Amino acid sequence: VADAELNPSNGSVAPSERAAMARARELAVTALGVTSPNPPVGAVILAADGSIAGEGATRPAGQEHAEVVALTAAGPRARGGTAIVTLEPCNHHGRTGPCVDALLAAGIARVVYATHDPTAVAAGGADRLRGAGVDVVGGFGALDAAAGALHWWLGAVGRGRPYVVWKTATTLDGRIAAADGTSRWITSAAARADAQRLRATIDAIVVGSGTVLADDPALTARRSDGTLGERQPLRVVLDRSGRVPGTARALDATAPSVRLTDRGPAEALRRLWERGIRSVLLEGGGTVAGAFLAAGCVDEVLAYLAPKLLGAGTPALAGIGVQTIADAIALDLIDVDRVGADVRLRAAVRPAAGT
Ligand SMILES: NC(=O)c1ccc[n+]([C@@H]2O[C@H](COP(=O)([O-])OP(=O)(O)OC[C@H]3O[C@@H](n4cnc5c(N)ncnc54)[C@H](OP(=O)(O)O)[C@@H]3O)[C@@H](O)[C@H]2O)c1
């Protein structure tokens, strides 16, 4: 990830362009959860006088990319203007035409983009634009863009499998259920609502058969009033031995779902990748989370920690084979927030050497 702010040779960026890039990052967030396998991108078109002429975010896969949405909104005001985009404009014919063609046809004079496109098929947009005489600044605000809406998508294409966030809700001593099996509710309503909002932005939720048999969760994304949200992730039940009945709520008709019988996490993720899934929320339980961690298939941990202690009961994680402290799976803290009565902690799993 290059960042033009750290690299002045990449050209200077006007205050109006800086503000437009911040707006483009906000627009990209609105596209989360609907664009895969395409990246969620935001774009702003500035007219030649520097005023905002159009805005856009990536539409669902097969429909317009962010640049085309923003160009359409800008109409003739795009001519001689500047396109501000969170990702390098694509240069390939997928289900839609290349964004580079649309930018050139609209008469855009300058393009400022944040993140370079790492995919072999779509890359090369900046070079083609430069070749056509467009003034191009690449890598401006790249670090912010990569930490925002593009984070999961970039993580996925870099790994060649969906980006996996393991979500867990535990007591301070790491329990997800009490000794008698009771587990509702460990965390506060505010923490649960926060997790619900996340469900609406991710491509798929994965659970093991144990969680489905114990709790029969619906695994849908619901609004704070309990109604079903507009965007629903694919619900994935890992059920190697076919123990989950067809009547399970996670497999009902309220949202898309699939039961996978693959032996291991890597196989299950490969199957999801083939379906266009780029981000996964692993919602347990401890057995499946342990299997994914042991296989190097967890990229981020999202832990809701309730200020409660149980002293006994089901641990959040099982079977990762760690016997000594030197073998602990090391995480890098991303951020810590208070959510209602609880603490939300995000941490990245360090990639194993050589991956
Ligand atoms: N507080 C929380 O955040 C939270 C979240 C989720 C669950 N829970 C609690 O966790 C408990 C259930 O825990 P659990 O560990 O039994 O559930 P689990 O991890 O959801 O399911 C375990 C089962 O998944 C199946 N499975 C499929 N693919 C697998 C793979 N690659 N590796 C390992 N297993 C695989 C296995 O059964 P087959 O071989 O038969 O397929 C295994 O027995 C419940 O009490 C639930 O309330 C709490």
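Let's start with the empty space inside: this predicted model has 1 cavity of 30 Å³ or more. The volume of the largest cavity comes to about 80 Å³. Lining this cavity are 15 residues, and Leu32, Ser36, Pro40, Trp153 and Ser279 are the closest to its centre. Sorted by character, the lining of the largest cavity splits into 7 nonpolar, 6 polar and 2 charged residues.

Now for the sheet. It's an open one with 8 strands, and the pairing is mixed. Reading across, the order is S10-S9-S8-S11-S6-S12-S15-S14. Strand S10 (257–260) and strand S14 (331–339) sit at the edges with a single partner strand each, so each has one side left without a neighbour in the sheet. On average, neighbouring strands here are turned by 20° against each other, direction ignored.

Helix H6 (residues 151–159) packs on this sheet, touching strands S6, S11 and S12. The direction of H6 makes about 120° with that of S6. Here are the strands that H6 touches:

| Strand touched by H6 | Residues |
|---|---|
| S6 | 163–171 |
| S11 | 279–282 |
| S12 | 300–306 |

One pairing is worth a closer look. Strand S8 (residues 204–208) and strand S9 (residues 234–238) run parallel, and 5 bridges join them. Which residue of S9 is the bridge partner of Ala204? That's Leu234.

Methods
Residues numbered from 1 in each chain as written. Predicted model: local features only at pLDDT ≥ 70, side-chain atom pairs only at ≥ 80, totals over all residues. Heavy atoms only, no water. Pairing = 2+ DSSP bridges. Helix = DSSP H or I, 4+ residues; strand = E, 2+ residues; numbered from the N terminus. Axes fitted to C-alpha atoms, helices over the stretch in contact; angles between N-to-C directions. Contact = heavy atoms within 4.5 Å. 1 Å grid on protein atoms, 1.4 Å probe; cavity = no way out; pocket = protein on both sides within 12 Å on 5 of 7 lines; lining within 4 Å. Points joined across faces, edges and corners; volume = space filled by probe spheres on them. Nonpolar A, V, L, I, M, F, W, Y, C, P; charged D, E, K, R; others polar.
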